[in-house]
Amino acid sequence: MWPILRIELFKIFSRPRTYISFVAITVIVALIQLALYVDGKNYIQFGMQSLTQGFDIEGNVLNGYLVCFIILQTLLIHVPLLIALVAGDAIAGEANMGTLRILLTRPVGRVELLLAKFAASLVYTLLLLVWMALLALFLSLFIFGKGDLMILKSEEVVVLAQNDVFWRYGWAFLFASLSMVMVAALAFLLSIFADNSIGPIITTMSIVILFTILTTLDIPFFQLLRPWLFTTHMLGWKAFFDDPIPWQAVSQSAAILLLHILFFAILGAWVFKRKDILS
Amino acid sequence: MQPVVSLRGLEKSFNGFKAVDGLGFDVYPGDIYGFLGQNGAGKSTTLRILLSLIRPDAGAVSLFGMNLLQHRKECLQKVGAVIEKPDVYTYLSAYDNLAIFARLNGIRPRRQQLMEQLDTVGLADRAASKVKTFSQGMKQRLGIAVALVHNPALVVLDEPTNGLDPQGIADIRNLVLHLCREQGKTVLVSSHLLAEIEQVATRMIIIDKGKMLVEGKVSDLFDPAQSRVLITVSDPVRARQFISHQPWQAYLKTDQPGDNQLLFRMPKEQIPVLNRELVMAGIDVHAIDTTHSLEAYFLSITTGKQHVADFTH
């Protein structure tokens, strides 16, 4: 499978559209960092209005860790679109170009090809998150420096000592990777059913947006649905900034995401193996 | 002799429409096998089944004596194909496309080898150019280079002359002959252009609505010297009476193509003689239409003008 994976990676990174995601993340992260650098103190003061009435807050609140947290909260919801751009194109794009039928007349197993393409999509997804981590965490630390991380939640304030934060980001990015891999797996599955990539990309985003709305709406009926929606578990990265970390809940979310990935991959392989290539 | 391709009882339906209906034929080593049928006859579906792109509902496909479903990789290792359009990665260069498809076939040719293959199809000087800048003819040639990059024993070409100018069509014809005669490959070529097949095929099959009409050696199936001659006359009743007492009767077909028309199948050099005799007998000849060899043969085994029009234009 390695030679096919290399070919798939070569194809992905030979396309200009692949770099749109990296450029988009760079621009968004840079804009947020610039805004916080210029006017961050006011933004923090506004956010902590209720706290400052009762507490004295000292030190570098607007530090790299907080900036990274703000970026992740803003950005992670949009990253699925960037991932769907490539994963949704993996099979459908080839069908649209007519190259799928050329590929499948070669002595390559269908499942083998599918796995190589899936693996290439995962590499792309992980590289995108590494890039995001480099910009959001390391660049923010470089610009804003270190400090304790203070996070305002709806019912509490979590303050994490600066030497207790970095490893949490490691886990958070790992968990975010799992979430994004799940999105990639969904887009990839939908890609198998389509003959052009617009369909899978839009459908993936529609599902993510719909589920996210259902996850965040505070209506009792939707609350019943929440545990069953993968978007609920995709937000599990935030739990690494709780104190203590709810490991059981995090593990459960991770397991659910993994099961989704496995289900999408197995279903995709089953469908693709039987699919008539008419494109 | 073991056939290179062997199809038996092939069936395939799409949403109740039977695209291939009990089709079976053999292609032998060294054949240039013409696969003929009008648009929608089931040619592409059959070729896609042959290349494992489509799963048949019933029937068996063997390549090189191996069952395709059980030995897919081994079978496809020896096959090169261009199906419908020569689609390649337009955002990559010609060289990269060739290298990718070579590796998918499990070979890692040296740069020199790939350049030689590009040179064979006249693309060596454009090796580094992105395919999106290529003309249709250049893409077609690259598609063929991609199909041949692993030196396959069987070459499958589905409508290889589609969208090509006359020079391009001639190039493909010469290539097919070269592959068979000089390199000893077996070529299975589908087309709806009868004249193209006629010039290269050694064996052929004609299919219609997914079924075989005829199959065999081209030389056994029709006499290239015979032409289909449609004569429009002023008085067809008198013309028939005249012909019934002449040797021309042997060439007259029983079909009634039109009110004032007579249909013959005859050597083309006899046409002026027949024309002269009809005129001398006082029968005005308004028009003579002739179609030759394979086209005439096809028309002789099928009926319906629409059928003919679809096939020959």
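Start with the charges on chain B: there are 34 positive and 32 negative ones, and their mean positions sit 7 Å apart. Keep in mind that this is a predicted model. Chain B has 313 residues, and 51% of them count as buried. Below is a quick tour of chain B as a whole, then the nonpolar cores, then a couple of individual residues.

**Chain B overall**

- In secondary structure, chain B comes to 12 helices and 13 strands.
- Its C-alpha trace spans about 75 × 45 × 40 Å along the principal axes.
- The exposed area of chain B is about 14,100 Å², with carbon and sulfur atoms supplying 48% of it.
- If you look at contacts in chain B between residues at least 6 apart in sequence, 69% of them join residues at least 24 apart.

**Nonpolar cores**

- The largest nonpolar core has 155 residues, and those with the most contacts inside it are A:Leu149, A:Tyr169, A:Phe241 and B:Val156.
- Helix α9 of chain A (residues 166-193) gives this core its largest share, at 18 residues.
- There's also a second, separate core of 28 residues, which includes B:Ile32, B:Leu148, B:Leu179 and B:Met204.
- Back to B:Val156: setting aside neighbours within four places in sequence, this residue is in contact with B:Leu47, B:Leu50, B:Leu51 and B:Leu188. B:Val156 also contacts B:Val79, B:Gly80, B:Ala81, B:Val82 and B:Ile83.

**B:Ser190, in a strand**

- You'll find B:Ser190 in strand β8 of chain B, which covers residues 186-191.
- B:Ser190 counts as buried because its relative accessibility is 0%, and the cut-off for buried is under 20%.
- Beyond neighbours within four places in sequence, B:Ser190 is in contact with B:Leu157, B:Asp158, B:Glu159 and B:Pro160. Its other contacts of this kind are B:Phe35, B:Lys43 and B:Leu47.
- B:Leu47 turns up in the contact lists of both B:Ser190 and B:Val156.

**B:Gly122, in a loop**

- B:Gly122 belongs to the loop between α4 (111-120) and α5 (136-148) of chain B.
- With a relative accessible area of 40%, B:Gly122 is partly exposed, since that label goes to values between the buried limit of 20% and the exposed limit of 50%.
- B:Gly122 and B:Arg141 are 19 residues apart in sequence, and 7.9 Å apart in space when taken C-alpha to C-alpha.

Note on methods. Residues are numbered from 1 along each chain as its sequence is written. Chains are lettered from A and ligands numbered from 1 in the order in which they are written. This is a predicted model: local features need pLDDT of at least 70, side-chain atom pairs count only at pLDDT 80 or more; totals for chains, interfaces and linings use all residues. Side-chain values use heavy atoms; hydrogens and water are left out. Helices (H or I, at least four residues) and strands (E, at least two) are DSSP runs, numbered from the N terminus. Buried means under 20% relative accessible area, exposed over 50%, partly exposed in between (1.4 Å probe, protein chains only). Contact means heavy atoms within 4.5 Å. Accessible areas come from the Shrake-Rupley method with a 1.4 Å probe; for residues, only the protein chains shown count as cover. Lys and Arg count as positive and Asp and Glu as negative; His and the chain ends are not counted. The place of a charge is taken as NZ of Lys, CZ of Arg, CG of Asp or CD of Glu. A nonpolar core is a set of buried Ala, Val, Leu, Ile, Met, Phe, Trp, Tyr and Cys residues joined through side-chain atoms within 4.5 Å.
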